[in-house]
Amino acid sequence: MAESQSTQTRLKFTWRFLAVPAIAPDTKPIVLYTNAASEQDARDNCPGWLLFFAARLPVQEVRHA
């Protein structure tokens, strides 16, 4: 049985979508970015938008000296 991981230990990604507002689907698409562990979580971060998947990029960890 697969173990579920907490969101603190799951990798996060930057998700890129082409998006149009749900209330105006004939408008020119824009690019939206959001950080999330899964595509569904990323889509949940953008309510009110029609999203078209464009990319999944690894989040770069920033370390300060």
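Helices (H or I, at least four residues) and strands (E, at least two) are DSSP runs, numbered from the N terminus.

**View A. Order of the secondary structure elements in the predicted model.** The pattern along the sequence is β-β-α-β, which comes to one helix and three strands. The protein has 65 residues, and 23% of them count as buried. Among contacts with a separation of 6 or more, 53% are between residues 24 or more positions apart. The exposed area of the protein is about 5400 Å², with 54% of it supplied by carbon and sulfur atoms.

**View B. The largest nonpolar core of the protein.** In soluble globular proteins, nonpolar side chains tend to be buried together. Here the core has nine residues: Phe 13, Trp 15, Phe 17, Ala 19, Leu 32, Ala 36, Ala 42, Cys 46 and Leu 51. Two or more of these residues come from strand S1 (13–21), and two or more from strand S2 (30–36). S1 gives the most, with four residues.

**View C. Contacts of Cys 46.** Cys 46 belongs to the largest nonpolar core, as do Leu 32 and Leu 51. Leaving aside residues up to four places away in sequence, Cys 46 touches Leu 32, Thr 34 and Leu 51.

**View D. The ring pair of Phe 17 and Phe 53.** A pair of aromatic rings is described by the distance of the centres and the angle of the planes. For Phe 17 and Phe 53, the centres are 6.4 Å apart and the planes are at 75°, so the pair is edge-to-face; the cut-off for that class is an angle over 60 degrees. The two residues are 36 residues apart and link distant parts of the chain, with Phe 17 in strand S1 and Phe 53 in strand S3 (residues 49–58). Phe 17 has a relative accessible area of 0% and is therefore buried, the limit for buried being under 20%. Phe 53, at 43%, is partly exposed.

**View E. The aromatic cluster and Arg 56.** The structure holds three aromatic pairs. Ring pairs join Phe 13, Trp 15, Phe 17 and Phe 53 into a cluster. Of these residues, Phe 13, Trp 15 and Phe 17 are also listed in the largest nonpolar core. Arg 56 lies over the face of the Phe 13 ring, at 4.2 Å from the ring centre.

Notes
Residues numbered from 1 in each chain as written. Predicted model: local features only at pLDDT ≥ 70, side-chain atom pairs only at ≥ 80, totals over all residues. Heavy atoms only, no water. Core = buried A, V, L, I, M, F, W, Y, C linked by side-chain atoms within 4.5 Å. Buried < 20%, exposed > 50% of the residue type's maximum accessible area, 1.4 Å probe, protein only. Contact = heavy atoms within 4.5 Å. Areas by Shrake-Rupley, 256 points an atom, 1.4 Å probe, with all protein chains shown as cover. Phe/Tyr/Trp six-rings, centres within 6.5 Å; stacked < 30°, edge-to-face > 60°. Lys NZ or Arg CZ within 6 Å of the ring centre and 35° of its normal.
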